[in-house]
Amino acid sequence: MRPAKTIEKKKGTFKAKKKGVRKSLSRVKKPVQFGKEGDDGDDSDGGSDDSDASDYDLTESESEEDEEGIWEGLFDEFEGMNVTERNECDDDEDEPDHDQAVDQVGLNRLYRNGKIVGDMPFRQIKLATWMIFNNKDHFLTVFRDYAIQEGFAVRVEKHDNLRFTAVCLIEGCDWRIHASQLMDRVSWAVKTMSGEHTLCGRLENNPMVNSEWLLRHLQDDITTTPNISIDSLQKLCLEKYWVKVGKRLLYKVRMLAKSDMHGGYAESYGLLPAYAKMIKQTNPSTYAIVDKESIDSWLYFFRNLKTVFRIHGVQRDDYTFISDRMRGVEAALYEVFPKATRRICCQHLQANFANAGFSGGAYTKLFWTAADAYNEFVFNKAMEKLGKLNPEAHAYLQNVTELWSRHKYEASVCCDHNTTNFVESLNSITKEHRDLPVLALLETVREWCMKRIGERYDFAVDMDPNTLTTGGGEFEVRERHVVFPIKLADKQCMCGVWQISGIPCKHGLRVIYDQ
C-alpha cells in the first residue's frame with residue numbers, strides 16, 4: 001500500500017488524505033481546441049541518409065525530471081483512487097487517441113493548466129514550458145521547425161517513447177530542453193527549457209534540415225511548379241526558411257515530391273502491361289518503348305513501322321526518311337526499306353561542320369544558304385563563296401554523301417524539311433518530364449498530342465473552304481529585279497519552293513490571290 005500523503009487545502013491547513021471512494025469527480029468533457037498536426041515524420045530523424053545530424057544519436061540516459069506543483073498533486077490524486085475509479089480512467093486500448101485521452105478523469109484540469117499547441121506558421125513558432133502536443137510525432141515536428149527557424153541544432157541525450165532530452169550542438173552553450181509523455185499516454189508536453197544561445201551563431205547549413213523536412217515544406221511549391229529549377233529551390237530555402245541546402249539534397253526532394261504526385265517507378269512499371277493492353281485496343285500501333293538507341297532497336301522500329309503500313313494496305317517501300325547521323329540508323333533502314341531515300345538533319349550536320357573547325361558567322365551563314373537552296377543556282381553560289389573563304393570547308397561538305405540541300409530533294413515527295421525540328425519539338429515536351437515514372441511520361445505525351453490534334457481540328461473546321469483556289473494559265477511574278485514564271489495548273493514556280501515543299505510559295509500565293 002502507498003502511504004497517505006498530505007495535500008494543502010486552499011485555506012492553508014493540511015489534512016491527511018482519506019481512503020476510499022473520492023467524491024465530486026466530474027466526468028464532464030470540456031471543449032478543447034486542437035492544433036493541426038503536421039506531417040508525420042520519422043522519430044529517429046538523425047539517422048536520415050541526407051542529414052549528418054548527429055543530433056539524434058543516443059548517449060547516456062538521464063532520469064526523467066520530477067513534475068512539480070499542481071501536476072504532482074494530480075498524479076498523487078490519481079494514485080489515491082481505488083481500483084474501480086482507476087479502471088474508469090484507463091482506456092482498454094493500449095494506444096488511445098488524443099480525443100479519447102482528454103475524456104479521462106482529471107485530464108480536463110491538466111489540459112486547462114497547460115497550453116495546447118495549435119497551428120504555428122514558420123517564423124512564428126514559439127516554445128515554452130508546459131506547451132502540450134497531440135503526440136510525440138507532433139512534438140518532434142514542431143521542435144525541428146523551431147530549431148531550424150531559430151538557426152540552431154541539437155544533440156539528443158535521451159529519446160524513447162516516454163521522454164526526450166536534447167542540448168545545443170555547440171560546445172559550451174547551456175541551452176537544454178526536456179519533454180515527456182503525459183499521463184494520458186498520448187500527449188506530450190515540454191517540461192523544462194533552460195539556457196540561452198548566447199554563444200551560438202546562426203547555422204545556415206543546419207544539420208536539422210533533411211529530406212523529410214524539406215519535402216514537407218516544399219511539396220506545395222513543387223506541386224504548383226513541377227519543373228521548378230534546383231537553383232530556384234535553393235533561393236526559396238534561403239529567402240523563406242533562412243537555410244542553405246545543397247543541390248544533391250534538393251534533387252532528391254524534388255524526385256520524392258514528384259513521386260508523391262505521380263506514383264513510384266515500381267508502381268508505374270507494374271501498371272504498364274494493363275496500359276499497353278488498353279493502348280492496343282483503343283489506338284493500335286502507336287507506342288513502342290526500347291531501352292536504348294541501337295541497331296537492334298532501330299530494326300525493331302522499322303519492322304513494326306513496315307507492318308503498320310501493310311496493315312493499312314500500303315505496299316510501297318520507297319519512302320523518304322530524315323534523321324541525324326547516328327550509327328545504326330542507316331544499316332537498319334536499308335535492311336527493312338532497301339529502296340528508301342535518306343536525308344540527314346542539317347542542324348546536326350551544321351554542328352558536325354562547326355566541330356570540324358568551320359565555326360563562325362560566315363561559315364554558318366553560307367552553310368544554311370546552301371542547305372536551304374531550292375534551286376541549283378543559289379546552292380552553287382553559296383558553295384562558291386564557301387570555297388573562297390576556306391577550300392577545306394568546301395571539300396568537307398562536298399564529301400557528304402547523304403542528301404542535305406533542298407534543291408536535291410525529289411519533287412514528288414512534296415516535303416522540304418531538312419531538319420528534324422518537328423521531331424525535336426516532341427522531344428522538347430518530354431524533356432522536362434523524363435525523370436517521371438514511365439506511365440506518367442506516356443500520359444504526358446498522350447495528353448499533349450490530344451490537345452494539339454484538337455486545336456488543329458478546331459482550326460480546320462473554322463477554315464473557309466475557298467481560302468485557297470487554283471486556276472489555269474501561266475503567270476509571271478516580279479520580285480525586285482527577278483521575274484518568276486509560274487504554272488498554276490502544274491503548281492510550279494521557278495523559285496522551286498512550290499515543287500519541293502508541296503505548299504504554294506509567296507509568288508504562287510500572289511497569283512492565287514489575284515485569281
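This talk walks through one predicted model, from its strands to its cysteines.

Some ground rules. Residues are numbered from 1 along each chain as its sequence is written, and side-chain values use heavy atoms, with hydrogens and water left out. Because the model is predicted, local features need pLDDT of at least 70 and side-chain atom pairs count only at pLDDT 80 or more, while totals for chains, interfaces and linings use all residues.

Let's start with strand E6. Helices (H or I, at least four residues) and strands (E, at least two) are DSSP runs, numbered from the N terminus. E6 covers residues 163-168. How many of its residues are buried? Six of six, so E6 is mostly covered. Buried here means under 20% relative accessible area, exposed means over 50%, and partly exposed falls in between, with a 1.4 Å probe and protein chains only.

Now its neighbours. Two strands pair if DSSP finds at least two bridges between them. Strand E5, residues 154-159, is joined to E6 by five bridges, and the two run antiparallel. They form a hairpin, with three residues between them. Five bridges also join E6 to strand E7, residues 176-181, again antiparallel. Look at Ala166 in E6. Val156 stands opposite Ala166. So does Ile177, over in E7. As background, strands of a sheet pair through backbone hydrogen bonds, either parallel or antiparallel.

Next, charges. Side chains of opposite charge can pair when their charged atoms come close. The cut-off for a salt bridge is a side-chain nitrogen of Lys or Arg within 4 Å of a carboxyl oxygen of Asp or Glu. How many salt bridges does the structure hold? The count is 14.

One of them joins Arg155 and Glu157, with the closest N and O atoms 3.8 Å apart. Arg155 is partly exposed, at 34% relative accessible area. Glu157 counts as buried, at 17%.

Another joins Lys158 and Asp160, at 3.6 Å, N to O. Lys158 is buried at 17% relative accessibility, and Asp160 is partly exposed at 24%.

A third example is Lys506 with Glu479, at 2.9 Å, N to O. Where do these two sit? Lys506 lies in helix H19, residues 506-514, and Glu479 in strand E11, residues 474-479, so the pair ties together parts that are 27 residues apart in sequence. Lys506 is exposed, with 55% relative accessibility. Glu479 is partly exposed, with 30%. There is also a network: salt bridges that share partners join Lys158, Asp160 and Arg163.

Stay with E11. Three strands form an open sheet in the order E11-E12-E13, with antiparallel pairing. E11 and strand E13, at 492-493, stand at the edges with a single partner strand each, so one side of each has no neighbour in the sheet. Six bridges join E11 to strand E12, residues 482-487. Glu479 turns up again here: its bridge partner in E12 is Val482.

What about H19? This helix lies across E11, E12 and E13, at about 120 degrees to E11. Contact means heavy atoms within 4.5 Å. Axes are lines fitted to C-alpha atoms, for helices over the stretch in contact, and angles run from 0 to 180 degrees between N-to-C directions.

On to the cores. A nonpolar core is a set of buried Ala, Val, Leu, Ile, Met, Phe, Trp, Tyr and Cys residues joined through side-chain atoms within 4.5 Å. The largest one has 45 residues. Which of them touch the most other members? Phe139, Phe143, Phe164, Leu214 and Leu218 do. Helix H5, residues 136-150, gives this core its largest share, seven residues. Apart from it lies another core of 19 residues, including Tyr363, Phe379, Val400 and Trp404.

Last, the cysteines. A disulfide is a pair of cysteine sulfur atoms within 2.5 Å. The structure holds zero disulfides. Why is Cys493 not bonded? The closest cysteine sulfur, in Cys495, is 3.5 Å from the Cys493 sulfur, too far for a bond. Cys493 is buried, at 2% relative accessible area. Cys505 is in no disulfide either, and the nearest cysteine sulfur, that of Cys493, is 3.6 Å away. Cys505 is buried too, at 6%.
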